[in-house]
Amino acid sequence: MALSESKTELWDLDISLFEQFVQPCLAELLGSSLFIFVGCLSVIENTEGTGRLQPALAHGLALGIVIAVLGEISGGHFNPAVSVSVFLIGGLNIILLVPYILAQMCGGMIGAGLAKLSVVTSNWEPYIFSGAAFNTVQADTQIVPATVAEVIMTLFLTMVVCMGAVNGRTRSLLAPLCIGLTVTADILAGGAVSGACMNPARAFGPAVVANYWSYHWIYWVGPMSGALLLLGDDKTRVLLR
């Protein structure tokens, strides 16, 4: 009887470890891959008539869907900047922070790679340079406006995530919709300034696939700086009580 109970306890421990640590990382990997695949493809296949509307809607809708479906497993971050902000305000275990970011970056590469495979063309590079990889910034004079835009847009996004999905007092069932709409609004507003990335994994994956690294650091410094502006604890978000 004691041996049977011991085996049961070990089995329960294995399940608990899987659900607490492995499963959330797999959910972040899957969600990031799907979100970035849709996002990359929407920009690569974007027609001239739709402008920024098509990628804005595609990114926002895809993100809202994966958050709604996978959010209960991992929290639905799919963005290193979001993971950092949620960690800073007490919503993510520090043990999961680095694995989450690694999973999201791997998801970015997978999503961008799948987008590349989905485009039927013998001349890939122009598509990836003008679409999935961020190439809005072309001169040093654009660095400051683009970085500031990334900081503010990411702050807006992470505030919505923390206030709408993490904070017990303001948490809403509409959080996936609100987060998706925030991404859509940011792309419509700031797409011409910086490309409206707000997500280092979204920039990293296509950059690896395209081997395009010009001004890539902006899409790490900007979003991460925006994420660091969120401070608080499990009851306070962005100095709001």
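This note goes through a predicted model of one chain, point by point.

1. Overall make-up. The chain has nine helices and zero strands. Read from the N terminus, its elements run α-α-α-α-α-α-α-α-α. The chain holds 241 residues, and 47% of them count as buried.

2. Confidence. The average pLDDT of the chain is 86, and 83% of the residues score at least 70. Among the elements, helix α7 (residues 175–190) has the highest mean pLDDT, 96. The lowest mean, 52, belongs to helix α5 (residues 124–130). Where pLDDT is low, the predicted coordinates should not be read in detail.

3. The nonpolar core. The largest nonpolar core has 44 residues. Cys40, Leu63, Leu157, Ile179 and Met198 are the members that touch the most other members. Two or more residues come from each of α1 (2–44), α2, α3 (80–88), α4 (94–118), α6, α7, α8 (200–210) and α9. Helix α4 gives the most, with seven residues. In soluble globular proteins, nonpolar side chains tend to be buried together.

4. Met198. This core residue lies in the loop between α7 and α8. Its relative accessible area is 2%, which is under 20%, so Met198 counts as buried. Phi of Met198 is near 65°, a positive value in a residue other than glycine. Most residues other than glycine have a negative phi, and most peptide bonds are trans.

5. Phe78. A positive phi, near 55°, is also found at Phe78, again a residue other than glycine. Phe78 sits in the loop between α2 and α3. Is Phe78 buried or exposed? With a relative accessible area of 0%, Phe78 is buried.

6. The first aromatic pair to look at. The model has two aromatic pairs. In one of them, the ring centres of Phe134 and Tyr219 lie 5.0 Å apart and the planes meet at 35°. The pair is tilted because this angle is neither under 30 degrees, as for stacked rings, nor over 60, as for edge-to-face rings. The pair links distant parts of the chain, 85 residues apart. Phe134 belongs to the loop between α5 and α6 (143–166), while Tyr219 belongs to helix α9 (residues 218–228). Both partners are buried: Phe134 has a relative accessible area of 13%, and Tyr219 has one of 2%.

7. The other aromatic pair. Phe204 and Trp213 also form a tilted pair, with 6.1 Å from centre to centre and 55° between the planes. What is the accessibility class of each partner? Phe204 is buried, with a relative accessible area of 17%. Trp213 is partly exposed, because its value of 39% falls between the cut-offs of 20% and 50%.

8. A nonpolar patch on the surface. Leu53, Leu57, Leu61, Ile65, Val69 and Leu188 form a nonpolar patch, and together they have about 570 Å² of accessible area. Which helix gives the largest share of the patch? That share, five residues, comes from helix α2 (residues 53–74). Val69 is one of the patch residues and is placed in helix α2. Its relative accessibility is 57%, which is over 50%, so Val69 counts as exposed.

9. Gly31 and Asn79. Gly31 lies in helix α1. At 0% relative accessibility, Gly31 counts as buried. The C-alpha atoms of Gly31 and Asn79 are 9.9 Å apart in space, and the two residues are 48 apart in sequence.

10. Leu114 and Val38. Leu114 is in helix α4, the helix that gives the most residues to the largest core. With a relative accessible area of 39%, Leu114 is partly exposed. How far apart are the C-alpha atoms of Leu114 and Val38? They are separated by 9.5 Å, and the residues are 76 apart along the chain.

Terms used: Residues are numbered from 1 along each chain as its sequence is written. This is a predicted model: local features need pLDDT of at least 70, side-chain atom pairs count only at pLDDT 80 or more; totals for chains, interfaces and linings use all residues. Side-chain values use heavy atoms; hydrogens and water are left out. pLDDT is the predictor's confidence in each residue, from 0 to 100. Helices (H or I, at least four residues) and strands (E, at least two) are DSSP runs, numbered from the N terminus. Rings of Phe, Tyr and Trp (its six-membered ring) pair if their centres lie within 6.5 Å; planes under 30 degrees apart count as stacked, over 60 as edge-to-face and the rest as tilted. Buried means under 20% relative accessible area, exposed over 50%, partly exposed in between (1.4 Å probe, protein chains only). Patches are made of residues with over 30% relative accessible area and no salt bridge: like charges are joined within 9 Å, nonpolar side chains (Val, Leu, Ile, Met, Phe, Trp, Tyr) within 5 Å. Accessible areas come from the Shrake-Rupley method with a 1.4 Å probe; for residues, only the protein chains shown count as cover. A salt bridge is a side-chain nitrogen of Lys or Arg within 4 Å of a carboxyl oxygen of Asp or Glu. A nonpolar core is a set of buried Ala, Val, Leu, Ile, Met, Phe, Trp, Tyr and Cys residues joined through side-chain atoms within 4.5 Å.
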